[in-house]
There are 2 protein chains.
Amino acid sequence: MRVAQMTDGFGLDHLPYGVFSPVGGTRRVGVRIGDDVLDLAAATGRPELATPSLNAFMALGPDVWAETRAEARRLLEAGAATVPLRDVELHLPIEVADYVDFYASIHHATNVGRIFRPDGAALLPNWRHLPVGYHGRAGTVVPSGTPIVRPRGQRPAADGPTYGASRRLDIEAELGFVVGVGSQLGTPVPYGAFADHVFGVVGLNDWSARDIQAWEYVPLGPFLGKSFATSVSHWVTPVAALAAAWVELPGQDPEPLPYLGPDLTRGLDIDVEVVLNGEVVSRPPYRTMYWSPAQMLAHLTVNGASLRTGDLYGSGTISGPEPEQRGSLLEIGWGDESAYLADGDEVVLRYSAPGTGGGRIALGEVRGRVQPPGS
Amino acid sequence: MRVAQMTDGFGLDHLPYGVFSPVGGTRRVGVRIGDDVLDLAAATGRPELATPSLNAFMALGPDVWAETRAEARRLLEAGAATVPLRDVELHLPIEVADYVDFYASIHHATNVGRIFRPDGAALLPNWRHLPVGYHGRAGTVVPSGTPIVRPRGQRPAADGPTYGASRRLDIEAELGFVVGVGSQLGTPVPYGAFADHVFGVVGLNDWSARDIQAWEYVPLGPFLGKSFATSVSHWVTPVAALAAAWVELPGQDPEPLPYLGPDLTRGLDIDVEVVLNGEVVSRPPYRTMYWSPAQMLAHLTVNGASLRTGDLYGSGTISGPEPEQRGSLLEIGWGDESAYLADGDEVVLRYSAPGTGGGRIALGEVRGRVQPPGS
């Protein structure tokens with residue numbers, strides 16, 4: 001393809017990474033340009049790119065990330081051959097090590113508090129002091145396009161729980177952060193070291209069964225209400241491609257403890273679209289989040305927990321202050337039972353951000369269709 | 001060594017698996033016999049044993065597990081050469097995929113409820129209907145002997161949280177179950193398939209910072225209060241070695257839903273000793289647990305979540321009905337601040353069970369010493 005044809009947010013200022021296989025070929029690392037992919041493994045001959053995940057490449061660190069990004073751009077500008085996306089298969093781009101999900105939108109946390117505790121305080125006492133988070137199931141992180149089988153489990157009822165398929169299947173529109181460089185056990189990662197460890201960003205849908213979750217979650221948190229599937233985009237947008245997207249967060253009150261870096265509270269100006277059966281039902285703005293990506297990373301490791309290549313952490317549901325900016329059907333329907341997903345429904349999350357070239361880049365979309373449970 | 005010399009619960013009826021390296025050598029799979037190890041990789045020449053974790057071997061399934069166990073026994077009976085444990089280094093035996101921790105002792109859950117909610121119901125409404133559980137951090141599962149660095153984090157205080165080292169560092173004496181054979185996404189694993197998937201059992205200490213946990217855990221569960229370290233034994237006792245240890249559970253009321261197999265509620269008659277600085281401070285009996293190992297597995301997957309080779313799930317703190325059978329310092333001290341761990345304290349968990357040879361086998365111990373946090 002010619003560079004002049006590139007459209008749709010996948011130009012030379014973006015160049016996200018993914019894992020693909022040509023027909024009959026093995027998985028390898030590629031870079032997306034327009035509606036094509038550059039076989040980076042073949043074009044560079046580098047062994048860490050001829051692998052079925054980005055992990056070996058991500059582990060090499062920021063200097064190699066920068067060199068490789070520059071090399072991919074040079075190859076494309078020089079007219080390197082690319083393959084149309086329609087001729088390849090796309091895969092989960094990373095081997096997920098640990099998956100952590102945060103709860104970093106004050107609008108989402110407040111909405112959920114108002115729906116579930118209408119007579120109590122909307123936010124719990126710890127919420128403004130730390131980014132609340134928990135571990136999810138790494139083994140059920142799936143790539144965009146994977147069918148989502150409606151989960152079964154225990155649903156609350158007046159006479160005790162009943163067993164069956166969830167009746168309140170929901171989405172959570174999130175951003176995911178992918179760790180490239182690990183850290184040592186016992187040594188926290190300071191908030192200023194974000195760019196030394198975080199390789200890139202994915203779109204993320206944290207599918208949630210609200211009925212299962214509501215019954216199971218005390219006192220140890222969500223488990224089966226979330227662990228059946230978490231979808232991520234095929235494409236990982238490198239942090240370098242988001243250089244023009246950093247913005248100040250709306251503000252934090254009270255000022256967080258020093259380890260949470262109150263002087264580096266930068267968020268990302270990423271727009272999200274929630275598309276349900278082809279119709280845009282919400283436009284959550286990531287710039288309205290309360291806790292920053294670097295603060296989540298600093299908190300995750302403040303107790304000495306180590307990072308590994310492939311760790312993934314989600315922002316939690318992105319909801320803005322306005323009703324049309326809510327990132328879950330629980331909030332969009334405000335508890336209305338008919339708002340939840342029916343079998344056959346398809347949800348697509350789309351993301352865009354300012355690019356370094358003056359226009360906008362389109363992060364990888366996250367797509368999933370609901371299937372009824374098997375027999 | 002001669003078989004006649006075998007003592008201390010590591011005889012021919014046990015033969016647990018581990019990963020070791022001789023001086024200057026690479027990691028490989030071995031079998032413990034007495035105070036020696038049989039280099040199973042060298043003795044059999046099988047490539048899946050010449051690897052730095054048990055995962056490749058575990059993935060081969062129950063028939064291979066049985067054949068390999070019989071082969072190890074034959075080799076030892078025929079006088080195969082072994083290496084003294086003092087001449088080798090032991091490692092984490094498995095590559096942990098996902099780590100889930102349950103809360104399956106009714107005595108522990110009741111004690112915790114009484115300590116934290118003295119005026120409320122000791123058990124929450126869901127507790128007798130499902131094995132409550134949550135995901136922990138797989139990347140910080142460490143082998144016995146790894147120093148435990150006292151975690152820092154946010155501690156609750158009247159005027160808001162303070163940052164510093166945990167003042168309430170605790171243990172949780174548990175049993176861990178290691179998954180050998182994975183399962184398909186979307187397909188639950190029935191309780192009757194326990195032996196098709198679970199390879200073996202490890203000792204497990206779920207180190208816990210009670211002050212960090214108490215502040216952070218609403219509403220999404222424990223996170224940094226647990227994620228700094230979880231210690232497991234070097235040795236994985238195969239399920240086959242526990243054939244004489246199965247016992248009926250004490251009983252479940254109300255009867256669980258059918259997917260939780262109310263007709264197969266077998267527990268394990270494993271005795272635990274909690275040793276603090278050389279002194280036995282508690283003897284929790286695993287046979288007093290409420291939820292069975294097979295029920296925990298069935299619950300973990302009822303929503304269609306898949307299993308992977310290397311998945312690890314813990315029983316939760318093992319506490320019996322008597323005061324001298326409690327598996328955490330929170331319960332042993334009943335909230336007394338002086339009961340928690342001081343820097344330099346060493347905790348050893350020891351486990352024993354009836355062997356198939358008429359005597360007792362000793363499962364791998366779990367050892368850890370508390371270190372002050374670094375600067």
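Me: Which residues touch the most other members of the largest nonpolar core?
Reply: In this predicted model, the largest nonpolar core holds 138 residues. In soluble globular proteins, nonpolar side chains tend to be buried together. Within this core, the residues that touch the most other members are L175(A), F177(A), Y313(A), L175(B), F177(B) and Y313(B).

Me: How many residues make up the other core that includes V96(A) and L312(A)?
Reply: L175(A), in the largest core, touches residues including V201(A), I270(A), Y313(A) and L363(A), when residues up to four places away in sequence are not counted. Apart from the largest nonpolar core lies another one, with V96(A), Y99(A), A138(A) and L312(A) among its members, and its size is 31 residues.

Me: How many residues apart in sequence are the parts that R150(B) and D343(B) tie together?
Reply: The side chains of R150(B) and D343(B) meet in a salt bridge, at 2.7 Å from N to O. R150(B) lies in the loop between β9 and β10 of chain B, whereas D343(B) lies in the loop between α8 and β23 of chain B, so the parts that the pair ties together are apart in sequence by 193 residues.

Me: Is R150(B) buried or exposed?
Reply: Its partner in the salt bridge, D343(B), has a relative accessibility of 41% and counts as partly exposed. R150(B) has a relative accessible area of 9%, and because the cut-off for burial is under 20%, R150(B) is classed as buried.

Me: Which residue forms a salt bridge with K226(B)?
Reply: K226(B), with a relative accessible area of 8%, is buried, and it lies in the loop between α6 and β16 of chain B. The partner lies in the loop between β12 and β13 of chain B, so the pair ties together parts that are 54 residues apart in sequence. This partner is buried too, at 5% relative accessibility, and with the closest N and O atoms 3.0 Å apart, the residue is E172(B).

Me: What is the N to O distance in the salt bridge of E273(A) and R283(A)?
Reply: E273(A) belongs to strand β20 of chain A, while R283(A) lies in the loop between β21 and α7, 10 residues apart. E273(A) is partly exposed at 22%, and R283(A) is also partly exposed, at 46%. Their side chains meet in a salt bridge with an N to O distance of 2.4 Å.

Me: How many salt bridges does a search of the whole structure find?
Reply: Side chains of opposite charge can pair when their charged atoms come close. In chain A, D170(A), E172(A), D206(A), R210(A) and K226(A) are linked in a network of such bridges. Over all chains, the number of salt bridges found is 42.

Terms used: Residues are numbered from 1 along each chain as its sequence is written. Chains are lettered from A and ligands numbered from 1 in the order in which they are written. This is a predicted model: local features need pLDDT of at least 70, side-chain atom pairs count only at pLDDT 80 or more; totals for chains, interfaces and linings use all residues. Side-chain values use heavy atoms; hydrogens and water are left out. A salt bridge is a side-chain nitrogen of Lys or Arg within 4 Å of a carboxyl oxygen of Asp or Glu. Helices (H or I, at least four residues) and strands (E, at least two) are DSSP runs, numbered from the N terminus. Buried means under 20% relative accessible area, exposed over 50%, partly exposed in between (1.4 Å probe, protein chains only). A nonpolar core is a set of buried Ala, Val, Leu, Ile, Met, Phe, Trp, Tyr and Cys residues joined through side-chain atoms within 4.5 Å. Contact means heavy atoms within 4.5 Å.
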